[in-house]
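Colleague: I'm new to this one and would like a close look at a single part, the place where the two chains meet. Could you walk me through it?

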Amino acid sequence: MITRTANLDISFSDEQAMILDSAKDFCRDKSDITTVRSLLKSETGYKNDVWAEMIALGWTGLALPEQYGGSGMGVGATIPLVESMGRYLLCTPFITSTIAAQAILRGGTNQQKSRWLPSIVEGAVASMALLDNEDWGATQIRCTLTPKDGGFVLEGKKLQVNDAAVADLFLVLASSNGLPTLVVVEAKALPEGAISNKTLVDETKRAANVNFSGVTIKADAILANAAEALQDLRLIGALLAASEATGTSAAALDTLVDYLTTRKQFGRLIGSYQALKHPTVDILLQMDSARTLIYHAATLISDASLNKDTEIACRMAKAQATDALLFAGDRAVQFHGGMGFTYDCNAMLYIRRAQWAQHQYGDAQHHRKLLAPLLLD
Amino acid sequence: MTENSQLAGQQSINGAELSDFLKGIIDWIKHNTPADPGFLLPQTFMEVGSEQVLDFLREWQYKVWSAGYLGMAWPKQYGGGGMPRLFQQIADEEMKRARVPICFNVIGLGWAGPLIIDTGTDFEKETYIKGILNAEDIWCQGFSEPNHGSDLGSIQTRAERDGDEYVINGSKIWTTLGNYAKYMILLARTDAQAERRYNGLSFFLAPMGANGISTSPIQKLTGEYGFTETFFTDARIPASCIMGEEGHGWRIAMHTLQYERGAEAGAAGGVSILSIVMDDLLKMAQDVERDGQPLLQDPITRDNLVKFLIEEQALYLGERRVKIPALCRDYPNSLALSGKLRGTEFFRRMRQYALTLQGAPGALYVGDDQAVDGGFWQRAYLNNFSTTIGGGTSQVQANIIGEHVLGLPKD
């Protein structure tokens, strides 16, 4: 007989509560909807001064140990920040860099950590170059790392590398003798034309395909424990993506509620119609479930290698958050009626974010597929 | 109304005492859990539909009480155990885990009893408490009325003072155990002129044997019985049956709701509901086969089960998150107000899915020798509607959340 013992730990310290409050205030102040829209066609998708301020506030070091210049609070502490960024569609390389830093922290030698982590705390942008397949579920790695002239050479192109155009470092997933490896490549080592920007459905985000073919690598740029770090950073990526998506679900909900309480049709505020009211309540419930699962995962996560309960928590959070935002964005457009079909309606931002966000570190079905053996066998 | 200090369980308890107690209850459950009676036992007290089931449950509750595992924290002189509440909580936890039958006199054990102990007179305690515990006196509840659902402000049943008596006229519906009950906690209107409709209500401990009270059983969706409609036609009850003062009925009724948290809040304890959780569904998916393979290996089934497990996990975690104020500041009261809607709707869909998974035998019903688990899931699914409809339908719940949490306009 199956007996599951579900882990039901959830806690939130006063310190985290303070971070959440100040992060929310910061993101609201820096990223009103006019600012968000003004950045849609910009090159990098963010304002340098806002990013500089986040670095100055110590956010880029929050998750990293003190010995590398961080404040040692662990990656769980970034969840309230990331949620707030999602809430106000505030885009910077923060999420991208936070995930990549965790790869170095978990997969690097002490020497490798000392070499790269302090610069990330100071604002260097690091980005994961993982995808070279159609999907997160694909196990095959096309990019290869092979020995050459006493060093190594990369061969292959990586897809949708986040914030690639502003990245200082790339962590490239490559296959070496059939085994996965993570390699640190500095942006300046890339040949001219290696980065080709993509047109994303979410215009607030930036990503590019990056061709690493011919880039030569020294042995000390290969992370020592890639296999373990990979599993963990994929889960951390999923959790951060879930947090950002959940903040955006709340934003979609707020925008929708605003419309439902001001727009009149047939002589009544449209929010009084149950056909609109009940699905809107559903958005709230779905978003809140995602939030519950995210803070549960944030409670479990630590600098140590992630255990089974934490894996379950991260995957559940991403599956729930993805579905919640897809629903919220979809209904936000529909319930705005004719307005919802226009580019001027802010629901546009949320429905597009939903399509992009679901594919960050695996969609809901991908995570449920991987949850099945953890929960059922 | 103040918390009664003799119930608060302030005595200090040492660890050895607790572990001895735990050993004792586990052992007692092992030796005293009744054998399968050959008929389906109720999952809730709303499903007692025959004398056979009633006798069985009465005997069981008596047994639990005489062993000292019911009303453990209630005062000794009235039939309780006079112990700290913690012991009852432990006993309840163990009985729930072992899936022993329910202690069915729920309105007495969880509503009327704690109310009487907290606020009743010595006479009331003498008269009612022991019979609640040993299941001699079954209690029912008369709040809901036909056509008013759970809107208590609209109660029409009248109670008019006439000398030493109140004369009751009107009717109540969804009276669980109505045809077996000796007493009813009754909410009736004593002042039709009250400015606010909640102010005109009074709360009574009414004897169901009074002349002029009659019940008519309601056949449920499941085909079984368990509720009655209850009629009052110039029914006369002693004026002393009133709890508190005239006009305070609504407040007292609301006060009784706090005991829903179980022994921790002052209720007598005992298992009041046999919960059906995802583990039960997983076990069924393991047992049911398709082409010689457990259904649990089918990819589509697995995906559906994982969806339910995510929902269940969020539900249980939500019950914990609601106690962390910093995680509830956004959309205040969202979690607190949505608990019933989430929980009851989840279980409705989950129980229905069990019937789908059963394959062709899913079409069978209680009484058929090939029904899976004797039709347990069929009955559980249909009975679940008592929770998505009773106490405010899911649709009313959604209105409440939409209006109070999101600020959407009323319709």
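How many residues of chain B are in contact with chain A, and how many of chain A are on the other side?

Modeller: Happy to. Keep in mind that this is a predicted model. In the contact, 39 residues of chain B face 38 residues of chain A.

Let's take the chain B side and see what it's built from. Helix H7 (278-287), helix H8 (299-321), helix H9 (334-357) and helix H11 (394-404) of chain B each put in at least two residues. H8(B) gives the most, with 14 residues. If you sort the side of chain B that touches chain A by class, you get 20 nonpolar, eight polar and eleven charged residues.

Since H8(B) gives the most to that side, let's zoom in on it. Two packed helices are described by the angle between their axes and the distance between the axes. Here, H8(B) packs against helix H8 of chain A, residues 274-300. The angle is about 75° and the axes are 9 Å apart. Angles of 65 to 115 degrees count as roughly perpendicular, so H8(A) is roughly perpendicular to H8(B).

Which residues do the meeting? From H8(A) come A:Ser289, A:Thr292, A:Leu293, A:Tyr295 and A:His296. Across from them, H8(B) offers B:Gln313, B:Ala314, B:Leu317, B:Gly318 and B:Arg321. The residues of this helix-to-helix contact split into four nonpolar, five polar and one charged.

To place H8(A) in its own chain, it helps to know how chain A is divided. There's domain 1 (14-96 + 108-123), domain 2 (127-225) and domain 3 (227-376). H8(A) covers residues 274-300, and domain 3 of chain A runs over 227-376.

Chain A has an internal contact as well, between domain 1 and domain 2, whose centres are 23 Å apart, taken over C-alpha atoms. Twelve residues from domain 1 of chain A and 13 residues from domain 2 of chain A take part. On the domain 1 side, the classes are six nonpolar, six polar and no charged residues. For comparison, here again is the side of chain B that touches chain A: it has eleven charged residues.

One last stop in chain A is an open sheet of three strands, in the order E4-E8-E7, with antiparallel pairing. Its edge strands are E4 (157-162) and E7 (195-197), each pairing on one side only. E7(A) and E8(A), residues 207-211, pair over three bridges, and A:Ile195 has A:Val210 in E8(A) as its bridge partner.

Methods
Residues are numbered from 1 along each chain as its sequence is written. Chains are lettered from A and ligands numbered from 1 in the order in which they are written. This is a predicted model: local features need pLDDT of at least 70, side-chain atom pairs count only at pLDDT 80 or more; totals for chains, interfaces and linings use all residues. Two residues are in contact if their C-beta atoms, placed from the backbone, lie within 7 Å. Helices (H or I, at least four residues) and strands (E, at least two) are DSSP runs, numbered from the N terminus. Ala, Val, Leu, Ile, Met, Phe, Trp, Tyr, Cys and Pro count as nonpolar, Asp, Glu, Lys and Arg as charged, and the others, Gly among them, as polar. Axes are lines fitted to C-alpha atoms, for helices over the stretch in contact, and angles run from 0 to 180 degrees between N-to-C directions. Angles under 35 degrees count as roughly parallel, over 145 as roughly antiparallel, 65 to 115 as roughly perpendicular and the rest as oblique. Domain bounds come from an automatic or database domain assignment. Two strands pair if DSSP finds at least two bridges between them.
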